[in-house]
Amino acid sequence: MQLGLPAPDQLTLLRMLRSAVRVPDHGKRVPFRFLTIRGAARDALGERLAVRSLQRDPEASDAVIEKDRARFSHAPLVVTVVARLGPDEKIPEQERLLSAGCVCFALLQAAHALGFGAVWLTGWAAYDAEVARWLGLAQDEHVVGFVHIGTPKLHVPERDRPDPHELLSDWTPA
């Protein structure tokens, strides 16, 4: 999806985030937080990714390097959803991680409901320790998604989806 200006203004973004945080959160742990990447910060992060990409793979092609350089320039706003997964005696890490994932999806839904386009992406940068350091993540924090938000530049046809009927089965006790 190609996304351009305008991006949501701050009040609209906060409205989207208020919707996004209404997810299952057992124990009210709030196992997530947000970082925005916008304006010149998108290009600065892209430049760092290009350098990091070469560090990770010195044989990387020019096309791969350019893809990484442009990775955050395809939308005017990128909301980074960060999972906070420190020790917890009651709530399993997986439940907290799922809550953070739900936030990503709820943010997509909120953006679309308000007339914006949005795409939830990860890629290698979401899992790279050096990128996490650049973003200021704590040791127990992890990127769950980079949610790119803007105004759709063109209509993208719906992709094929699985048939729910083929995925559905009934459990019966043995």
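## A buried ion pair

Both Arg52 and Asp128 are buried in this predicted model. Their side chains form a salt bridge, with an N to O distance of 3.0 Å. Arg52 belongs to helix H2 (residues 40-56), whereas Asp128 sits in the loop between strand S4 (117-121) and helix H5 (129-134), so the contact ties together parts that are 76 residues apart in sequence.

## A second buried pair and a network

Arg71 and Asp68 are likewise joined by a salt bridge, and their closest N and O atoms are 2.4 Å apart. Arg71 is buried, as is Asp68. Salt bridges with shared partners also link Glu47, Glu66 and Arg69 into one network.

## A partly exposed pair

A salt bridge also connects the side chains of Asp88 and Arg29, at 2.5 Å from N to O. Asp88 is located in the loop between strand S3 (77-84) and helix H4 (93-113), and Arg29 in the loop between helix H1 (10-20) and strand S2 (32-38); the pair therefore ties together parts that are 59 residues apart in sequence.

Asp88 is partly exposed, its relative accessible area being 23%. Because buried status requires a relative accessible area under 20%, Asp88 does not qualify as buried. Arg29 is partly exposed too, with a relative accessible area of 33%.

## Overall count

Across the whole structure, the search finds 9 salt bridges. Among them are the pair Arg52 and Asp128, the pair Arg71 and Asp68, and the pair Asp88 and Arg29.

Conventions
Residues numbered from 1 in each chain as written. Predicted model: local features only at pLDDT ≥ 70, side-chain atom pairs only at ≥ 80, totals over all residues. Heavy atoms only, no water. Salt bridge = Lys/Arg side-chain N within 4 Å of Asp/Glu carboxyl O. Helix = DSSP H or I, 4+ residues; strand = E, 2+ residues; numbered from the N terminus. Buried < 20%, exposed > 50% of the residue type's maximum accessible area, 1.4 Å probe, protein only.
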